[in-house]
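This report describes the pockets, cavities and two helix packings of one protein model.

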Amino acid sequence: MCGIIGYCGPKPAASVLLEGLKRLEYRGYDSAGICVWSPEGLELYKRKGKIRELAALVPAGAAAPAGTCGIGHTRWATHGEVNDLNAHPHLDCSGRIAVVHNGIIENYLTLKEKLIAEGHRFASETDSEVIAHLIEKYYSGDLLEAVRKALALLKGTYGIVCLHRDHPDRLVGARQGSPLVVGLGSGETFLASDVTAIISHTKQVVYLEDGELVSISPQEFKTTDLKDQEVEKKVESVSWELEQIEKGGFTHFMEKEIFEQPESIKRAMSGRLDLEEATAHLGGLNMSNRDLLNVERVRIVAAGTSWHAGLVGMYLLESIARIPCTVEISSELRYRNPLVERNTLHFVVSQSGETADSLYAMRELQRKGATVLGVCNVVGSTIARESDGGVYIHSGPEIAVASTKAFTSQVTVFYLFSLLLGRMRHLSADAGRAFIQDLQSVPLKVEAILAGSRAIRELAVRYCQYKDFLFLGRGINYPVAMEGALKLKEISYIHAEGYSAAELKHGPIALINEETPCLFLVPDDGLREKIMSNIKEVKSRRGRVIAVCAAGDREVRDIADDVIEVPRAHETFYPFLMVVPLQLLAYYAAVELGRDVDQPRNLAKSVTVE
Ligand code: AGP
């Protein structure tokens, strides 16, 4: 949930750390800090607020910290309120050891009481500070050894980096449950929560696994396990380019990522469609056609927006591949002692590939013998590496906390998977080809919707003063309605609920009045008439109606207060066309309300704690 970074090399560490923290800020942004080695002692700068506020605190020019070894942190508070004292890095009693931590130490109170009884003085309310004092307790010259002994007492999750006054060019890092990568530059070495913090310096990285420690210096790195056994590691190369993590002239990353969707959807299907065989090829499944034919049921597990993408996947697998499918919220499934049946194929969907709820749910299912495939965006992420196979969605780095292009790319993968299984069962080659042509026509239709974004902005400006919204869809667009409500909630802070339009009369209709606009998704599909009746139920109670409908739908235009038209399409493909106007509506409402669109309050991009 937090972002951590470490640097050892020839450059002044402070600027490298601040630049890296800026790139990690989407992981948590309520407070931040850096600590740099200097001959006079460890130089600590930390405070509540964003990286730009921290940068203002760090002396610049001639007074800038000269040290070439240091650590940094950007925080998403779990223990202890948001203030300067609870910001990281945390020091031990002597001020000679500094630690940054991402994760939760569950037994910190017991450890803290013992350490206080032994005379340690604590400066913060955080769980993380116990790590600095434990290392202090065990340190007798060998930093790696002291860290190993300290870690042996911790229960919970951590990604940590530790700096010691006695070691001007060495850092020790470790991982248990929270991601940590080593970046190998020429004459410099990095540690970071993810590659976005270091790709401006190097593309050569090593991904740490749980239970691994690493000791780095400018020239080298050495990985060992908790029993001090050396661990061989593979150096991998990152495919992302620096400009992909820049705004590229857009005001916000979210705006850029919404407008990237025609390309990101194309990338998600590129090289995976076979018009001749009228099917799809997904190379990373690690399953033979016989294995795929033996699949009798699919279960999809995810959180947040990824869960909504999974729900669209369920409709597709049942309608296109005719396979029974269920979708579970990962945090609920994990603690429900889930039943795992033979011939049930499991998917874990996660943009970051680091969401703790989804990672632990995957491990629980694998422990019960399930085959679990990952649908991830971040290459080398934990879920991607630990799953039994899977599909990368290739939507490129998604920096904005509110997920947009990852949703449409995740959904694209389920169109591909449904086609693959459908063609192995009842779907004819002609039907398969028609499906492929419809899917390949989606990027152009999305482009047409983006070209009309000005009208959606005007609508957002007119509606952003309302306090409550209902988003209503049916069938395969019901999850899209929920996704639209989530987008509006998480970035504009306007209360919004997504419902199946038919559910209105079972309760939510009590909320209908002039003050609660209802946004209906009205594609020209088999459920259109049903949705029109639901709209009439709202209009007869003087509710305001915004409708997203197929181009030229006069009847909808006559009954709704406001309309957003999207290009006509085969009914199976409307989720792509229905979600983009909702992403734009939420984006423009948040901008109009002056919200911090890319870093909404209380949120973080990948939720690595439970
Ligand atoms: C979506 O906009 C949110 N950022 C959040 O709901 C997110 O989808 C959820 O935390 C799951 O993240 P993941 O896809 O990285 O696992």
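## Pockets, cavities and helix packing

The largest pocket has a volume of about 530 Å³. It is lined by 26 residues, and Ala303, Gly304, Thr305, Lys605 and Val607 are the closest to its centre. The structure is a predicted model, in which local features need pLDDT of at least 70 and side-chain atom pairs count only at pLDDT 80 or more, while totals for chains, interfaces and linings use all residues. Residues are numbered from 1 along each chain as its sequence is written, and side-chain values use heavy atoms, with hydrogens and water left out.

A pocket is an open set of points on a 1 Å grid over the protein atoms alone, with protein on both sides within 12 Å along at least five of seven lines; a cavity is a set of points where a 1.4 Å probe fits but cannot get out, and lining residues have an atom within 4 Å of a point. Points are joined across faces, edges and corners, and a volume is the space filled by probe spheres set on them.

Several elements contribute to the lining of the largest pocket: α9 (304–319), α10 (330–334), β19 (344–350), α11 (356–367) and α17 (478–492) each supply at least two residues. The largest share, three residues, comes from α9. Helices (H or I, at least four residues) and strands (E, at least two) are DSSP runs numbered from the N terminus.

The second largest pocket holds about 370 Å³ of space. Among its 18 lining residues, Lys22, Glu25, Lys247, Phe253 and Gln599 are the closest to its centre.

A search of the whole structure finds three cavities of 30 Å³ or more. The largest cavity holds about 230 Å³; of its 26 lining residues, Arg27, Asp194, Ser352, Glu354 and Val378 are the closest to the centre. The second largest cavity holds about 80 Å³. Its lining has 15 residues, and those closest to its centre are Cys2, Thr78, His88, Gly103 and Ser128.

The table gives the linings by residue class, where Ala, Val, Leu, Ile, Met, Phe, Trp, Tyr, Cys and Pro count as nonpolar, Asp, Glu, Lys and Arg as charged, and the others, Gly among them, as polar.

| Lining | Nonpolar | Polar | Charged |
|---|---|---|---|
| Largest pocket | 10 residues | 13 residues | three residues |
| Second largest pocket | five residues | three residues | 10 residues |
| Largest cavity | 12 residues | seven residues | seven residues |
| Second largest cavity | five residues | eight residues | two residues |

Two helix pairs complete the description. Helix α13 (residues 405–423) and helix α14 (residues 429–440) pack at an angle of about 175°, with their axes 10 Å apart. This angle makes α13 roughly antiparallel to α14 (under 35 degrees counts as roughly parallel, over 145 as roughly antiparallel, 65 to 115 as roughly perpendicular and the rest as oblique). Tyr415, Leu416, Leu419 and Arg423 of α13 make the contact with Ala429, Gly432, Phe435, Ile436 and Leu439 of α14, contact meaning heavy atoms within 4.5 Å. By class, this contact has seven nonpolar, one polar and one charged residues. Axes are lines fitted to C-alpha atoms, for helices over the stretch in contact, and angles run from 0 to 180 degrees between N-to-C directions.

The axes of helix α3 (residues 108–117) and helix α4 (residues 129–138) come within 10 Å and cross at roughly 45°, and α3 and α4 are therefore oblique to each other. On the α3 side, Tyr108, Leu111, Lys112 and Leu115 meet Val130, His133, Leu134 and Lys137 in α4. The residues of this contact divide into five nonpolar, one polar and two charged.
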